[in-house]
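The following report sets out the fold, the packing and some local backbone features of a single protein chain. The sequence and the coordinates appear first, and the description follows.

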Amino acid sequence: MAEPHREPASMQASAMPLDALCDDILVRHHASAHIAVPRIRGQLAALMEREPGAVPEQLAAAFAVVADLLLSHLAKEENILFPALSLMAEAERSGAGRPPLAFPTVLHPIRVMEAEHARLSDGIDELTRLTGSFAAPAGASGSVRRLFEELRTFCAQLSAHLHEENDVLFPRALELDRRL
């Protein structure tokens, strides 16, 4: 039996109401990041203790930088930007006009998020470099191979998250901001 045709996520996202898109990003991207970060931190710590030298300290340090930045970034989106975008989307639907927000325009918070996205992208590049594109060293233990696969998945999901926000959510949010 043939699988049903599915639109690419970015096409689906561009058709969603802005508040629904924010909710979708929370469910698909933020939730997985909140699960992956402590899991990978734990794997790194366990490997460094159990198999000294199996994982370069630079890799653990680079992941810590990305993880800390990402968790701080997610908190800003979840507690500041996304609630504001949801209020704006609801205001437009109801014809209520621009809602009172903590900022006069969403341009500044979006620019902050985009700058953080650039730093996260640099972190992905560094993790990719430090892992040799996520290729576990010859003779690596199963635990190291699993860690490298976790890092590959984490970086791919984070890249998709950054793309969806930069290329779909933020332009739509700025357009809504201009309309209100």
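A residue is called buried when its relative accessible area is under 20%, exposed when that area is over 50%, and partly exposed in between, with a 1.4 Å probe and protein chains only. By this scale Phe-134 is buried, as its relative accessible area is 10%.

The model is a predicted one, in which local features need pLDDT of at least 70 and side-chain atom pairs count only at pLDDT 80 or more, while totals for chains, interfaces and linings use all residues. Residues are numbered from 1 along each chain as its sequence is written, and side-chain values use heavy atoms, with hydrogens and water left out.

**Overall fold**

The protein chain contains five helices and zero strands, where helices (H or I, at least four residues) and strands (E, at least two) are DSSP runs numbered from the N terminus. Read from the N terminus, the order of elements is α-α-α-α-α. The C-alpha trace spans about 65 × 50 × 20 Å along its principal axes. Of the 180 residues, 38% count as buried. A contact requires heavy atoms within 4.5 Å. Among contacts with a separation of 6 or more, 78% join residues 24 or more positions apart.

**Helices H3 and H5**

The expected span of a helix is 1.5 Å times one less than its number of residues. A bend at a residue is the angle between axes fitted to the seven residues ending there and the seven starting there. The table sets out these values for two helices.

| Helix | Residues in helix | End-to-end C-alpha distance | Expected span | Bend and its position |
|---|---|---|---|---|
| H3 | 38 residues | 53 Å | 56 Å | about 40 degrees, Glu-77 |
| H5 | 38 residues | 54 Å | 56 Å | about 35 degrees, Glu-165 |

For H3, which covers residues 57-94, the reach from first to last C-alpha is close to the expected value. The end C-alpha distance of H5 likewise agrees with the expectation. After H3 comes Gly-95, with a positive phi near 75 degrees.

**Nonpolar cores**

A nonpolar core is a set of buried Ala, Val, Leu, Ile, Met, Phe, Trp, Tyr and Cys residues joined through side-chain atoms within 4.5 Å. The largest such core has 30 residues, and the members that touch the most others are Ile-40, Phe-63, Leu-70, Leu-147, Phe-154 and Leu-158. Helices H2 (18-50), H3, H4 (107-130) and H5 (142-179) are the elements that give two or more residues to this core. H3 makes the greatest contribution, with nine residues. A second, separate core holds 20 residues, including Phe-82, Leu-85, Ile-110 and Leu-176.

What does Leu-147 contact, leaving aside its neighbours within four places in sequence? Its partners are Ile-40, Gln-43, Leu-44, Leu-47 and Val-55.

**Cavity**

A cavity is a set of points, on a 1 Å grid over the protein atoms alone, where a 1.4 Å probe fits but cannot get out, and lining residues have an atom within 4 Å of a point. Grid points are joined across faces, edges and corners, and a volume is the space filled by probe spheres set on the points. The search of the whole structure finds one cavity of 30 Å³ or more. The largest cavity has a volume of about 60 Å³. Its lining consists of His-29, Ser-32, Ala-33, Ala-36, Phe-154, Gln-157, Leu-158 and His-161. H2 and H5 each supply at least two of these lining residues.

**Buried polar residues in H3 and H4**

His-73 belongs to helix H3 and is buried, because its relative accessible area is 0%. Not counting residues up to four places away in sequence, His-73 touches Met-113, Glu-116, His-117, Leu-120 and Glu-165. The C-alpha atoms of His-73 and Val-112 are 9.4 Å apart, although the two residues are 39 apart in sequence.

Glu-116 lies in helix H4. With a relative accessible area of 5%, Glu-116 is also buried. Under the exclusion of residues up to four places away in sequence, Glu-116 touches Leu-69, His-73 and Lys-76.

**The loop between H4 and H5**

Ser-133 is found in the loop between H4 and H5, and Phe-134 lies in that loop too. Ser-133 has a positive phi near 60 degrees, although this residue is not glycine. For Phe-134, also not a glycine, phi is positive at about 70 degrees. Is Ser-133 buried or partly exposed? Ser-133 is partly exposed, because its relative accessible area is 45%.

Technical notes: On a 1 Å grid over the protein atoms alone, a cavity is a set of points where a 1.4 Å probe fits but cannot get out, and a pocket is an open set with protein on both sides within 12 Å along at least five of seven lines; lining residues have an atom within 4 Å of a point.
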